[in-house]
Each structure stands twice: as C-alpha cells, then as structure tokens.
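Me: I am a first-year student, and I would like a close look at one part of this protein chain. Please set the part in its surroundings and explain the terms as they come up.

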Amino acid sequence: MRRLALTGLALAVTAALAAACGGSGKSTAPATAASDPSKVSGEITVLTNRTDLVNDGTMKKYADDFAKVYPGVQVKFEAITDYEGEVKIRMNTENYGDVLLIPNVIAKGDYPKFFAPSARPPSCRRSTSSPSPAL
C-alpha cells in the first residue's frame, strides 16, 4: 500500500511539474515522467484532507521517500480540515496546490480547466490477457 501511495505521489508530482512547465496551461499532451529524476527541481504543494497523517509525520516520511528519487523537489503538505469546502473555493483562484484530491463538486468535463492530462504508466495499463490488478 505504501509503495502504491508513493508511486501515485510520484506520478502526480511529475504531472504537476510538467503542467507547471507547460506554458499556457491549455496543453492536451499527456504529462510524462522525467528521463532523469535527479535533474527535476522545484517545489510542489500537496493538498490533503488527511490532517492526521500530516500531524503524525506520515506525510513527511512519504516526502522523504519521494526525495530519494527526486532530490531537487521540495514537497510541502497542506492539511485542510474542511477539504471539500476550502478546495472548492480555492479552485476559483490559482492557489489550489499542485497535487490534490479532486473535490466532488468538480464535474469530470471541467477537469481540463484545472489539470494537465497524465499518461498511465505501463504498470497501470490493463492487459487483455489477464484480469485487472486489484488496487
């Protein structure tokens, strides 16, 4: 489970970094992983409703593990108690973090207004010869 969480965080961060470098923000090209993670640099903000995991240091451990692969990236976790209400308001600004859980009020058709598409890694693609993996 922890590996899956770290993989998800890595993909989300890569997509966020690619989106930040995309220019107009209207790109329809899928974000891709950096060929050399050690050359990726910057800071990302991860919004989370898991205030307990921020307070007990779990998210710090995730960030430390992430830094082993992306040493030039600083990960900042922002714990929000009223996540749905707060993020819904912040989605009307440009201050809604780089990685976040999508609020339920955001319609799927509106995703391109806020997020860059990301390519699915080969490990997440379904094979026609085997059942889908349990996540």
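The part to look at is one helix: which residues are buried in α4?

Reply: The whole chain comes before the helix here. This is a predicted model, in which local features need pLDDT of at least 70 and side-chain atom pairs count only at pLDDT 80 or more, while totals for chains, interfaces and linings use all residues. Residues are numbered from 1 along each chain as its sequence is written, and side-chain values use heavy atoms, with hydrogens and water left out.

The protein chain has five helices and two strands, where helices (H or I, at least four residues) and strands (E, at least two) are DSSP runs numbered from the N terminus. Along the sequence they come in the pattern α-β-α-α-β-α-α. The mean pLDDT of the protein chain is 77, and 64% of the residues reach at least 70; pLDDT is the predictor's confidence in each residue, from 0 to 100. Confidence is lowest in helix α1 (residues 2–20), with a mean of 49, and highest in helix α2 (residues 51–55), with 96. Over residues 15–26, pLDDT stays under 50. Where pLDDT is low, the predicted coordinates should not be read in detail.

Of the 135 residues in the protein chain, 27% are buried. Buried means under 20% relative accessible area, exposed means over 50%, and partly exposed is in between (1.4 Å probe, protein chains only).

Now to the helix. The buried residues in α4 are Tyr83, Val87 and Arg90. They are on the same side of α4, because they cover an arc of only 60 degrees around the axis; the arc is that of the directions from the helix axis to the C-beta atoms. The buried residues of α4 pack against β1 and β2.

Arg90 belongs to helix α4, which spans residues 83–90. Arg90 counts as buried because its relative accessibility is 8%. Leaving aside neighbours within four places in sequence, Arg90 is in contact (heavy atoms within 4.5 Å) with Leu47, Glu78, Ile80, Asn95 and Tyr96.

Val87 leads to the nonpolar cores. A nonpolar core is a set of buried Ala, Val, Leu, Ile, Met, Phe, Trp, Tyr and Cys residues joined through side-chain atoms within 4.5 Å. In soluble globular proteins, nonpolar side chains tend to be buried together. The largest nonpolar core here has 13 residues, of which Ile44, Val46, Val73, Val75 and Phe77 touch the most other members. The elements giving two or more residues to this core are β1 (41–48), α3 (58–69) and β2 (72–79). Its largest share, four residues, is from α3. Another core lies apart from it, with eight residues that include Ile80, Val87, Met91 and Ile106.

Phe77, from the largest core, is in strand β2 and counts as buried because its relative accessibility is 17%. Phe77 and Thr51 are 26 residues apart in sequence, and 9.5 Å apart in space from C-alpha to C-alpha.

Tyr96, one of the contacts of Arg90, forms one aromatic cluster with Tyr111, Phe114 and Phe115. In the whole structure there are five aromatic pairs. Rings of Phe, Tyr and Trp (its six-membered ring) pair if their centres lie within 6.5 Å; planes under 30 degrees apart count as stacked, over 60 as edge-to-face and the rest as tilted. Tyr111 and Phe115 form an edge-to-face pair, with 6.3 Å centre to centre and 85 degrees between the planes. Phe114 and Phe115 form a tilted pair, with 6.2 Å centre to centre and 55 degrees between the planes. Tyr111 is partly exposed, because its relative accessible area is 29%. Phe115 is partly exposed at 23% relative accessibility, and Phe114 is partly exposed with a relative accessible area of 22%.

In short, Tyr83, Val87 and Arg90 are the buried residues of α4, and the buried residues of α4 pack against β1 and β2.
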